[in-house]
Amino acid sequence: MKIWVDADATPKPVKEILFRAAQREKVTTTLVANQGLSTPNSPYLKAVQVSSGFDVADNYIVQECEAGDIVITADIPLAAEVVEKGALAINPRGEKYTRENIRQRLAMRDFMEQMRSAGEVTGGPKAYNQQDRQAFANSLDRLLAQARRMQLKP
């Protein structure tokens, strides 16, 4: 099991939680971005800088992740692709993407994109707060336990 992070837009508090979890759980955690990233010195933490371009980081994560891995992303199309591969996925607010909910999330994303394209002002996401941080940490702990159970199954 590995953790993959779509790191370009991941809030700093989420990265800090991931750094601690990687150490505690001894799980390789790779941050992927199209800009340079710094990570604490650890055998469990890696940063991969991909070239600039549309979905380059996403494509790297899809290519490298495997069933049972955990992917952290707010990018719903990326989440759909990794869930299809059998990976577990959550966003920085701790919301889990599943085979059961990903189509609805894609449809809502596409609808909101159409609204913005038509000139509707829809606003952005609410500010990341302490409740979001706690929800993410709790969700990550549950996913790590789920991923470990998946590894133990014959």
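This is a short tour of the structure, one selection at a time.

**The whole chain**

Start with everything in view, and keep in mind that this is a predicted model. The protein chain holds five helices and six strands. Colour by secondary structure and follow the chain from the N terminus: the elements run β-α-β-β-α-β-α-β-β-α-α. The chain has 154 residues, and buried residues make up 40% of them. Among contacts with a separation of 6 or more, 52% join residues 24 or more positions apart.

**Stop 1: threonine 10**

Select threonine 10, in the loop between strand S1 (3-6) and H1. Is this residue buried or exposed? Threonine 10 has a relative accessible area of 7%, so it is buried. Show the side chain of threonine 10 and look for the backbone oxygen of aspartate 6, which the side chain reaches at 2.6 Å. Leaving aside residues up to four places away in sequence, threonine 10 touches Val5 and Lys15.

**Stop 2: helices H1 and H5**

Now select helix H1 (residues 12-25) together with H5, which covers residues 130-152. The axes of H1 and H5 come within 10 Å and cross at roughly 30 degrees. Turn the view until one helix lies in front of the other: H1 passes H5 in a right-handed crossing.

Which residues meet here? Display these two groups as sticks:

- From H1: Pro13, Val14, Ile17, Leu18, Ala21, Arg24 and Glu25.
- From H5: Arg133, Phe136, Ala137, Leu140, Asp141, Leu144 and Arg148.

Sorted by class, the contact of H1 with H5 has nine nonpolar, no polar and five charged residues.

Zoom in on alanine 137, one of the H5 residues in this contact. Its relative accessibility is 17%, and the cut-off for buried is under 20%, so alanine 137 counts as buried. Next, draw a distance from the C-alpha of alanine 137 to that of proline 13: the two are 9.9 Å apart in space, though 124 residues apart in sequence.

**Stop 3: lysine 26**

Move along to lysine 26, in the loop between H1 and strand S2 (29-33). What is special about its backbone? Lysine 26 has a positive phi of about 55 degrees although it is not a glycine. For background, most residues other than glycine have a negative phi. Lysine 26 counts as exposed, because its relative accessibility is 56%.

**Stop 4: leucine 37**

Select leucine 37, which sits in the loop between S2 and S3. With 25% relative accessibility, leucine 37 counts as partly exposed. Which residues does leucine 37 touch? Not counting residues up to four places away in sequence, leucine 37 touches Ala7, Lys15, Leu31 and Ala47. Alanine 47 is ten residues from leucine 37 along the chain, and their C-alpha atoms are separated by 6.2 Å.

**Stop 5: aspartate 55**

Go on to aspartate 55, found in the loop between strand S3 (45-49) and H2. Aspartate 55 is another residue other than glycine with a positive phi, here near 65 degrees. Its relative accessible area is 30%, so aspartate 55 is partly exposed.

**Stop 6: helices H2 and H3**

Show helix H2 (residues 56-64) and helix H3 (residues 76-84) as a pair. Their axes are 9 Å apart, and the helices pack at an angle of about 10 degrees. Because of that angle, H2 is roughly parallel to H3.

Add side chains at the contact: Asp58, Ile61 and Val62 in H2 meet Leu78, Glu81 and Val82 in H3. By class, the contact of H2 with H3 divides into four nonpolar, no polar and two charged residues.

**Stop 7: a closer look at H3**

Keep H3 on screen and begin at its N-terminal end. Aspartate 75 caps this end, with a side-chain oxygen 2.8 Å from the backbone nitrogen of leucine 78. Then highlight the buried residues of H3, which are Ile76, Leu78, Ala79, Ala80, Val82 and Val83.

Pick out isoleucine 76 from that group: its relative accessible area is 16%, so it is buried. Measure across to isoleucine 102, which is 26 residues from isoleucine 76 in sequence, with 7.6 Å between their C-alpha atoms.

Finish just after H3, at glycine 86, where phi is positive at about 100 degrees.

How values were computed
Residues numbered from 1 in each chain as written. Predicted model: local features only at pLDDT ≥ 70, side-chain atom pairs only at ≥ 80, totals over all residues. Heavy atoms only, no water. Helix = DSSP H or I, 4+ residues; strand = E, 2+ residues; numbered from the N terminus. Buried < 20%, exposed > 50% of the residue type's maximum accessible area, 1.4 Å probe, protein only. Axes fitted to C-alpha atoms, helices over the stretch in contact; angles between N-to-C directions. Left-handed = near helix turned anticlockwise from the far one by under 90°. Contact = heavy atoms within 4.5 Å. Nonpolar A, V, L, I, M, F, W, Y, C, P; charged D, E, K, R; others polar. Parallel < 35°, antiparallel > 145°, perpendicular 65-115°, else oblique. Polar contact = N/O pair within 3.5 Å; in protein donor to acceptor, adjacent residues only side chain to side chain.
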